[in-house]
Amino acid sequence: MPVRDAEAADIEEICALIEEHARYEGNEDLVLDREDMARHLFGPEPKAWVLMAESGGEVAGMAFCSWNFSTWEARPGIWLDDIFVRPAFRRLGLGRELLNELRKRTSGRVEWDMQEGNERAAAFYADLGAEPVPGWIRYRWRPDLA
């Protein structure tokens, strides 16, 4: 089950995976600008990076990430913004492979959000040894709301 770093040639698959994930979560309207995404991922100043999971020569899933830094731990970590495995490839261990690869890439924290009520994901993350962060609430400040 190969997991590899995405390349610029993967931009269509990356955007398609994100859009598929949005539809899976009930957002039927998301359509990404491929050019903007390519610039953010593969341009001169990349803002994020992607791991691709393949099975049988097909793109099966991805983990979309960026670096963060913990002042209290004084080390970098990874923010996992999105992980998605296409339904036809689930239960093959690809999600675990993607997360294990992230774990190998930092001595710091690997963190992510999960929608409330997603019991299957919660069980999967617990099986990995991950746990919710008690006492913290995520805030978001968006330019269009300022």
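**Tryptophans, sheet and cores in a predicted model**

With a relative accessibility of 17%, Trp-49 counts as buried. That is a good place to start a walk through this model, which is a predicted one. Trp-67 sits a little further out: at 46% relative accessibility, it counts as partly exposed. The aromatic pairs come to 4 in total. In one of them, the ring centres of Trp-49 and Trp-67 are 5.6 Å apart and the planes meet at 35°, so this pair is tilted. Trp-49 belongs to strand E2 and Trp-67 to strand E3, so the pair ties together parts that are 18 residues apart in sequence.

A further pair is made by Trp-112 and Tyr-125, which is also described as tilted, with 5.0 Å from centre to centre and 55° between the planes. Here the partners come from strand E5 (residues 110-112), which holds Trp-112, and helix H4, which holds Tyr-125, so parts that are 13 residues apart in sequence are tied together. As for how covered these two are, Trp-112 is partly exposed, with a relative accessible area of 23%, while Tyr-125 is buried, at 12%. Phe-124 joins in as well: ring pairs link Trp-112, Phe-124 and Tyr-125 into a cluster.

Now for the strands. E2 and E3 run antiparallel and are joined by 7 bridges. Trp-49 turns up again in this pairing, since its bridge partner in E3 is Cys-65. The hairpin of E2 and E3 has 2 residues between the strands, and in it Gly-56 takes a positive phi near 60°. Moving on, E3 and E4 also run antiparallel, with 10 bridges between them. Within that pairing, Ala-63 stands opposite Ile-83 in E4. The hairpin of E3 and E4 has 4 residues between the strands, and there Ala-74 is the residue with a positive phi, near 55°.

On its other pairing, E4 meets E5 through 3 bridges, and these two strands run parallel. Ile-78 stands opposite Val-110 in E5. E4 is mostly covered, with 8 of its 11 residues buried.

Several of these strands feed the largest nonpolar core, which has 18 residues; Ala-63, Cys-65, Leu-80, Leu-98 and Leu-102 have the most contacts inside it. Two or more residues of this core come from each of strand E2 (49-55), strand E3 (58-70), strand E4 (75-85), helix H3 (94-104) and helix H4 (119-128). Leu-102 gives a good feel for the packing: leaving aside residues up to four places away in sequence, it touches Trp-49, Leu-51, Ala-63, Cys-65, Ile-78, Leu-80 and Val-110. There is also a second, separate core of 16 residues, which includes Leu-17, Leu-41, Val-59 and Phe-64.

Helix H1 (residues 11-24) comes next. Its 14 residues should span 20 Å at 1.5 Å a residue, and the end C-alpha atoms are indeed 20 Å apart, so the two values agree. Quite a run of H1 residues is buried, namely Ile-11, Ile-14, Cys-15, Ala-16, Leu-17, Ile-18, Glu-19, His-21 and Ala-22. Those buried residues pack against helix H2 (34-42), E2, E3 and E4. After H1 comes Gly-26, whose phi is positive, near 100°.

That leaves the cysteines. The structure holds 0 disulfides. Cys-15 is in none, and the nearest cysteine sulfur to its own, that of Cys-65, is 15 Å away. The cut-off for a disulfide is a pair of sulfur atoms within 2.5 Å, so at 15 Å Cys-15 and Cys-65 do not qualify. Cys-65 is likewise in no disulfide, with the sulfur of Cys-15 as its nearest. Both side chains are out of reach of solvent by the usual count: Cys-15 counts as buried at 0% relative accessibility, and Cys-65 counts as buried at 1%.

Note on methods:
Residues are numbered from 1 along each chain as its sequence is written. This is a predicted model: local features need pLDDT of at least 70, side-chain atom pairs count only at pLDDT 80 or more; totals for chains, interfaces and linings use all residues. Side-chain values use heavy atoms; hydrogens and water are left out. Buried means under 20% relative accessible area, exposed over 50%, partly exposed in between (1.4 Å probe, protein chains only). A nonpolar core is a set of buried Ala, Val, Leu, Ile, Met, Phe, Trp, Tyr and Cys residues joined through side-chain atoms within 4.5 Å. Contact means heavy atoms within 4.5 Å. Two strands pair if DSSP finds at least two bridges between them. The expected span of a helix is 1.5 Å times one less than its number of residues. Rings of Phe, Tyr and Trp (its six-membered ring) pair if their centres lie within 6.5 Å; planes under 30 degrees apart count as stacked, over 60 as edge-to-face and the rest as tilted.
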